[in-house]
Amino acid sequence: MKIRPLGDRVVIKKIEVEETTKSGIVLPGTAKEKPQEAEIVAVGPGGMVDGKQVNMEVKVGQRVLFSKYAGNEVKIDNKDYTILKQDDILAVIE
Amino acid sequence: MKIRPLGDRVVIKKIEVEETTKSGIVLPGTAKEKPQEAEIVAVGPGGMVDGKQVNMEVKVGQRVLFSKYAGNEVKIDNKDYTILKQDDILAVIE
Amino acid sequence: MKIRPLGDRVVIKKIEVEETTKSGIVLPGTAKEKPQEAEIVAVGPGGMVDGKQVNMEVKVGQRVLFSKYAGNEVKIDNKDYTILKQDDILAVIE
Amino acid sequence: MKIRPLGDRVVIKKIEVEETTKSGIVLPGTAKEKPQEAEIVAVGPGGMVDGKQVNMEVKVGQRVLFSKYAGNEVKIDNKDYTILKQDDILAVIE
Amino acid sequence: MKIRPLGDRVVIKKIEVEETTKSGIVLPGTAKEKPQEAEIVAVGPGGMVDGKQVNMEVKVGQRVLFSKYAGNEVKIDNKDYTILKQDDILAVIE
Amino acid sequence: MKIRPLGDRVVIKKIEVEETTKSGIVLPGTAKEKPQEAEIVAVGPGGMVDGKQVNMEVKVGQRVLFSKYAGNEVKIDNKDYTILKQDDILAVIE
Amino acid sequence: MKIRPLGDRVVIKKIEVEETTKSGIVLPGTAKEKPQEAEIVAVGPGGMVDGKQVNMEVKVGQRVLFSKYAGNEVKIDNKDYTILKQDDILAVIE
């Protein structure tokens, strides 16, 4: 199954990082804050969105930071994704 | 009876998926979250909407993801539909 | 008495449908949800509305679905009407 | 004393209708809902309002329906008037 | 001391009217509703305001009605003034 | 240390006026309402701000009235300043 | 790891200043108000943002004042940064 976002939307998959505390205890992903890091899975075509021209500047495979709580969470083939507007992507991590 | 949406509106019919839990119990549709998946039933003509040109990019028969709680629920010939703006459709599933 | 809506406004008369439950009991209109179906009674001239050109796409006599709670309810010659903006009409039923 | 509204504003005088109940009791104006019917008393010049061209389409002496609670109530020479924007006038009654 | 308002702002001085009740008692200004009548004391130059051209249509000395609660109250040389946008002036009284 | 505001922003220093009550008691600045009078300390370059051309009309050294609560309070070299948009300046006092 | 902000966004690193009270006690950074001073770490390319042309006027290395609570806090390589829009930067300190 393939997901094709519309307009200036982007599909991302959150990256949950395992983390070791100073005392050496591993915190599993669920014990931490909502992650803000993600990989881009699909990119919409851009074009005229709400009467304004939007050019897509992110690409599939990029690792990005995004606004916490932005977008809609969806489940496809039992996996969790987030669909958000490109404007909710803050930065690319290189 | 035929329903013809105005402007950039789209009529969708939600797809309620029966789901089997890991233990094998079938959860009927009503026991789950509001579905976000739907089939497009009718598409408005687009054109000038609120002073902006809107081109319709979805087609009847497509399977789509839409914003939870978006749009208006209506009952036609005793069946439930949702009428929403094309901009509330997040992605097409292929 | 004739009512002539201004700008992109439309006057509608709600259609209250009597409905029979499965057990055969007739539910009078007042026992149900607010109706969303209406007939168009008068259509404004359109034109420049809030700095934007609006063309009227509905006609007197059409049966339409409209946004629940949209518009203003008015009483003319002791009959109830609703005056709303064309944009609050979701779809035409044919 | 003469009142001259600015921009796209209109001065109206509400029409309070005495009404007889089915049992024959006369309800004075104050016992009813806020009236929505009014006569136009003065019309502003229109022109550029908030960066948009507005043409005045109502005239002094017309009987109109207006949005309940719209506008500002003012007292001139001990009489009550309402000053509202032309866009808050829903329809002309003929 | 002279006060020169910027952009589309206007400085007004409220007019507090003494009023006699039907029984003959004089109500001093402070016992009544906030006054809505004022005299224009200074008028800004207009011009481009928030990206829109605004022409000033009121003049110093005019008596006007203004939106209750609009604008900012200021004290200059121990006298109370209100500075508001021209758009908060409803009408000129002649 | 020098502070250079961006866009249509202006840096002001509030003027706190000592005031004598009718009974002769001096009210120190802290016992009164938030002051609305200030001197302009720095002026941004103006230009395109949020897609609109803004020309700066105030100058360093002018005494101005500003919207109570507008802007951001900052501390530079242990002194308190407020940075606000030119549009939050109501009037120049001459 | 390098962080590249999108559009008109800027990455800043807050500057926490140790401060000595009049009595000589050192207040560590955490005992004070949220700092408003920061150094610019990365600057987005600007360009068309929400249908408007934005030119970037700040540079990496500049010391700036920014709106308290503006932007999103992110953690990169275990260090805290804030990503905000250039418009949330109030002034450059020189």
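Which side chain of chain D meets E:Asp87 in a salt bridge? Select E:Asp87 and D:Lys85 together: their side chains form this salt bridge, with 3.8 Å from N to O. The model on screen is a predicted one, and the tour begins at the interface that holds this pair.

**First stop: chains E and D**

Display chain E with chain D. Here 14 residues of chain E are in contact with 15 residues of chain D. The two chains bury about 1,500 Å² between them, and 50% of that area is on carbon and sulfur atoms. Next, select E:Lys52, E:Leu90 and E:Glu94, the residues of chain E that lose the most area to chain D; together they account for 36% of what that side buries. Three salt bridges are counted between chain E and chain D, and the pair of E:Asp87 and D:Lys85 is a salt bridge between these chains.

**Second stop: the sheet shared by D and E**

Keep both chains in view and turn to the strands. An open sheet of seven strands can be followed in the order 1(D)-11(E)-8(E)-5(E)-2(E)-10(E)-9(E), with antiparallel pairing. Why is one side of strand 1 of chain D and of strand 9 of chain E left without a neighbour in the sheet? Strand 1 (3–5) of chain D and strand 9 (72–76) of chain E stand at the edges, and each has a single partner strand, so one side of each has no neighbour in the sheet. On average, neighbouring strands of this sheet are turned by 40° against each other, direction ignored.

Within this sheet, select strand 8 (residues 63–66) and strand 11 (residues 89–93) of chain E, an antiparallel pair held over four bridges. E:Val64 has E:Val92 in strand 11 of chain E as its bridge partner.

Before leaving chain E, show the side chains of E:Lys13 and E:Tyr81. E:Lys13 lies over the face of E:Tyr81, at 5.4 Å from the ring centre.

**Third stop: strands within chain D**

Now isolate chain D. Strand 5 (residues 37–43) of chain D pairs with strand 8 (residues 63–66) of chain D in the antiparallel sense, over three bridges. To find the register, select D:Glu39, whose bridge partner in strand 8 is D:Arg63. Strand 8 of chain D is also joined to strand 11 (residues 89–93) of chain D, by four bridges, and these two strands run antiparallel. At this second junction, D:Leu65 has D:Ala91 as its bridge partner in strand 11 of chain D.

**Fourth stop: the sheet shared by E and F**

Bring chain F into view beside chain E. Another open sheet of seven strands has the order 1(E)-11(F)-8(F)-5(F)-2(F)-10(F)-9(F), and its pairing is antiparallel. Its edge strands are strand 1 (3–5) of chain E and strand 9 (72–76) of chain F, each paired on one side only. From one strand to the next the twist averages 40°.

Strand 8 (residues 63–66) of chain F and strand 11 (residues 89–93) of chain F run antiparallel and are joined by four bridges. Select F:Phe66 to locate its bridge partner in strand 11, F:Ile89. Then select F:Lys13 and F:Tyr81: the charged end of F:Lys13 sits over the ring of F:Tyr81, 5.4 Å from its centre.

**Fifth stop: chains G and A**

Move to chain G and chain A, where 15 residues of chain G are in contact with 15 residues of chain A. About 1,500 Å² is buried between these chains, 50% of it on carbon and sulfur atoms. In chain G, the residues that lose the most area to chain A are G:Arg4, G:Leu6 and G:Arg9, together 37% of what that side buries. The count between chain G and chain A is four salt bridges. One salt bridge to select has the side chains of A:Lys52 and G:Asp50, at 3.1 Å from N to O.

Stay with chain G and select strand 2 (residues 9–14), which pairs antiparallel with strand 10 (residues 79–85) of chain G over four bridges. In that pairing G:Ile12 stands opposite G:Thr82. Strand 2 of chain G is also joined to strand 5 (residues 37–43) of chain G by five bridges, again antiparallel. There, G:Lys14 has G:Ala38 as its bridge partner.

**Last stop: chains A and B, and the whole assembly**

Finally, select A:Lys85 and B:Asp87, whose side chains meet in a salt bridge (3.8 Å, N to O). This pair crosses between chains, from strand 10 (residues 79–85) of chain A to the loop between strand 10 (79–85) and strand 11 (89–93) of chain B. Over all chains, the count comes to 43 salt bridges. A search of the whole structure for aromatic pairs, in contrast, finds zero.

How values were computed
Residues are numbered from 1 along each chain as its sequence is written. Chains are lettered from A and ligands numbered from 1 in the order in which they are written. This is a predicted model: local features need pLDDT of at least 70, side-chain atom pairs count only at pLDDT 80 or more; totals for chains, interfaces and linings use all residues. Side-chain values use heavy atoms; hydrogens and water are left out. Two strands pair if DSSP finds at least two bridges between them. Rings of Phe, Tyr and Trp (its six-membered ring) pair if their centres lie within 6.5 Å; planes under 30 degrees apart count as stacked, over 60 as edge-to-face and the rest as tilted. A charge sits over a ring if NZ of Lys or CZ of Arg is within 6 Å of the ring centre and within 35 degrees of the ring normal. Axes are lines fitted to C-alpha atoms, for helices over the stretch in contact, and angles run from 0 to 180 degrees between N-to-C directions. Contact means heavy atoms within 4.5 Å. Buried area is the accessible area (1.4 Å probe) that two parts lose on being put together, summed over both.
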